[in-house]
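Trainee: I've got a structure to look at, and I'd like to learn how its labels are justified. Can we go through it together?

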Amino acid sequence: MQSRSKHHESEAERSAIMARVKSKDTGPEKAVRRQVFSLGYRYRLHVAELPGKPDMVFHGRHKVIFIHGCFWHGHHCRAGKNRPASNVAYWSAKLERNAERDVKNLAALKAQGWKSLIVWECETQNKVKLEKRVLRFLSK
């Protein structure tokens, strides 16, 4: 049996992988939630009435936190710069639309008086740095 490299999945294999990608309750999102909760802050999840359905909403503070996957939202880290080698036109357009939607949602939130913080997936690895960043954002 011939083994395939990770970079040469069949269409069916790629489809199965992509079907498992979640938009809510991801590992990074759960990590940030646990940390914020342990700091004593309470929040609501995925409030549909707000632009972009922020991952965490702090109504009394008029603040929101988005936890973005580096690949999906185009972070400048290694994972964010990684692009699929196949179907390049599709992926370029898809990821560009994600970035444009993020900018639009942040602007709409700001226009409504909300302050936003984006936590990137790669930033969830350093818990001390993340805690300082979240505390600085929520305590202002």
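**The two sides of a helix**

Mentor: Sure, and keep in mind that this is a predicted model. In helix 6, the buried residues are Leu130, Val134, Phe137 and Leu138.

Trainee: What puts them on the same side of helix 6?

Mentor: They cover an arc of only 90° around the axis, so they share one side of helix 6.

Trainee: What makes Leu130 count as "buried"?

Mentor: The cut-off is under 20% relative accessible area. Leu130 is listed among the buried residues of helix 6, so it falls under that 20%.

Trainee: And which exposed residues does the face turned away from the buried side carry?

Mentor: That face of helix 6 has Val128, Lys129, Lys132 and Ser139. Exposed means over 50% relative accessible area, so these residues pass that mark.

Trainee: What do the buried residues of helix 6 pack against?

Mentor: Their partners are helix 2 (27-38), strand 2 (56-58), strand 3 (63-68) and strand 4 (115-120). A contact needs heavy atoms within 4.5 Å.

Trainee: How do you know that the span of helix 6 agrees with what's expected?

Mentor: Helix 6 has 13 residues (127-139), so at 1.5 Å a residue it should span 18 Å. Its end C-alpha atoms are 18 Å apart, which agrees.

Trainee: Where does that leave the whole protein chain?

Mentor: The chain has 6 helices and 4 strands, in the order α-α-β-β-β-α-α-α-β-α from the N terminus on. Of its 140 residues, 33% are buried.

Conventions
Residues numbered from 1 in each chain as written. Predicted model: local features only at pLDDT ≥ 70, side-chain atom pairs only at ≥ 80, totals over all residues. Heavy atoms only, no water. Helix = DSSP H or I, 4+ residues; strand = E, 2+ residues; numbered from the N terminus. Expected span 1.5 Å × (residues − 1). Buried < 20%, exposed > 50% of the residue type's maximum accessible area, 1.4 Å probe, protein only. Arc of directions from axis to C-beta.
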